[in-house]
Amino acid sequence: MRAREPGVATRVGGDVGELLVMWVGFPLLGGALGGRLPMVADWVAGLPWAPVQGWFELVAGLPYRRALAGGLLLGMLAGLLLAYVGTRERLIVTVDRDGVRLRRDGVDRELARRTVAAVFVDGRELVLLGPAGAELARERSDLSRQRLKDAFDGHGWPWRDADPHRDAYRRWVEGLPDLPPGADPLLRARQRAVDADRARDVRELGGELARIGVVVRDEGGRQYWRAAPPPGGQAPPQP
């Protein structure tokens, strides 16, 4: 692929179209759904097992126009809230010849080009590895794989079509004898976070594992791990 112009960074994510979908599309969809509330409130209020039944009874007792206006407003507010959360949690990647910036939740993380030996997409996650195989970053996103490839390739980064260490991973089960000390409880906590879909906890616990020399990835809700020197360069502690 043709190299990018020197000094001009490439940004992937946070495009105008994406923001329009979230900040215009989500409120409109929420309003459309909320506008149906008066039509179903009376029916839901009659279901003995329905949650928050009292709220539906309240809506069913309102004049139709007031209930419709309230439903539209609540739906649009819910759409705006969803857009706000989506905007903060989306990943934005800005890459140039010398480094990359990963932005999520208003927090920037920067990595220098000289510290990165491989870049690839693993499922829905962007992964950057150091020279010894340590995992420098693993960020989940819906960004286009092709756009990420073009951005990194265009600035001369070592893009890989697959994880070069994939064959080294083993499935985690409790009590493995060759795990570094302290890895088992972290992996147990991370498995609970994976099961509960707590993305932030999954990310933070993955970082804790990386600091003791364990790289972990998920497949089908299961954890797979391999040993690698921590990003600081020291060998992981031996059991």
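## Salt bridges in the predicted model

Asp108 has a relative accessible area of 38%, so this residue is classed as partly exposed. The structure described here is a predicted model. Asp108 is joined to Arg101 by a salt bridge, in which the closest N and O atoms are 4.0 Å apart. Arg101, with a relative accessibility of 32%, also counts as partly exposed. Buried residues have under 20% relative accessible area and exposed residues over 50%, and the value of 32% for Arg101 is therefore classed as partly exposed.

How many salt bridges does a search of the whole structure find? The search finds 20 salt bridges. One of them is formed by the side chains of Asp178 and Arg170, with an N to O distance of 2.4 Å. Asp178 is partly exposed, at a relative accessible area of 36%. Arg170 is likewise classed as partly exposed, at 37% relative accessibility.

## A salt-bridge network

Several charged residues are linked through shared partners. Asp122, Glu125, Glu135, Arg138, Arg166, Arg217 and Glu219 are joined into one network by salt bridges of this kind.

Two members of the network, Glu219 and Arg166, meet through their side chains in a salt bridge of 3.2 Å, N to O. Glu219 belongs to strand β9 (residues 214-219), whereas Arg166 lies in the loop between α5 (145-154) and β8 (170-171), so the pair ties together parts that are 53 residues apart in sequence. Glu219 has a relative accessible area of 34% and is partly exposed. For Arg166 the relative accessibility is 38%, and this residue too counts as partly exposed.

## A nonpolar patch on the surface

Which residues form a nonpolar patch on the surface? The patch is formed by Val16, Leu20, Trp23, Val24, Leu28, Leu73, Leu74, Leu77, Leu80, Leu81, Tyr84 and Val85, and together these residues have about 1,200 Å² of accessible area. Two elements, α1 (16-34) and α4 (64-89), give two or more residues to the patch. Helix α4 gives the most, with seven residues.

Individual members of the patch show how accessibility varies along it. Val85 lies in helix α4 and is partly exposed, with a relative accessible area of 34%. Leu77 is also found in helix α4; its relative accessible area is 47%, which is classed as partly exposed. Leu28, by contrast, is located in helix α1 and is exposed, at a relative accessible area of 56%. A residue must be over 50% to count as exposed, so Leu28 at 56% falls in that class.

Two distances help to place these residues in the model. The C-alpha atoms of Leu77 and Glu18 are separated by 19 Å, and the two residues are 59 residues apart along the chain. Leu28 and Ala183 are 155 residues apart along the chain, and their C-alpha atoms are separated by 46 Å.

## Packing of helices α2 and α4

Two packed helices are described by the angle between their axes and the distance between the axes. Helix α2 (residues 37-45) packs against α4 at an angle of about 105 degrees, and the axes are 9 Å apart. This angle makes α2 roughly perpendicular to α4. Angles of 65 to 115 degrees count as roughly perpendicular, which is why the angle of about 105 degrees receives that description.

Which residues of α2 and α4 meet? Leu37, Pro38 and Met39 in α2 meet Tyr64, Ala67, Leu68 and Gly71 in α4.

## Two residues with positive phi

Most residues other than glycine have a negative phi. Asp105 and Asp197 are both listed here for a positive phi.

Asp105 is not a glycine, yet its phi is about 55 degrees. This residue is placed in the loop between β3 (99-104) and β4 (107-112). Is Asp105 buried or exposed? With a relative accessible area of 15%, Asp105 is buried.

Asp197 is not a glycine either, and its phi is about 60 degrees. The loop between α6 (183-195) and α7 (199-211) contains this residue. Asp197 has a relative accessible area of 68% and is therefore classed as exposed.

Key
Residues numbered from 1 in each chain as written. Predicted model: local features only at pLDDT ≥ 70, side-chain atom pairs only at ≥ 80, totals over all residues. Heavy atoms only, no water. Patch = residues over 30% accessible without salt bridge, like charges linked within 9 Å, V, L, I, M, F, W, Y side chains within 5 Å. Areas by Shrake-Rupley, 256 points an atom, 1.4 Å probe, with all protein chains shown as cover. Helix = DSSP H or I, 4+ residues; strand = E, 2+ residues; numbered from the N terminus. Buried < 20%, exposed > 50% of the residue type's maximum accessible area, 1.4 Å probe, protein only. Axes fitted to C-alpha atoms, helices over the stretch in contact; angles between N-to-C directions. Parallel < 35°, antiparallel > 145°, perpendicular 65-115°, else oblique. Contact = heavy atoms within 4.5 Å.
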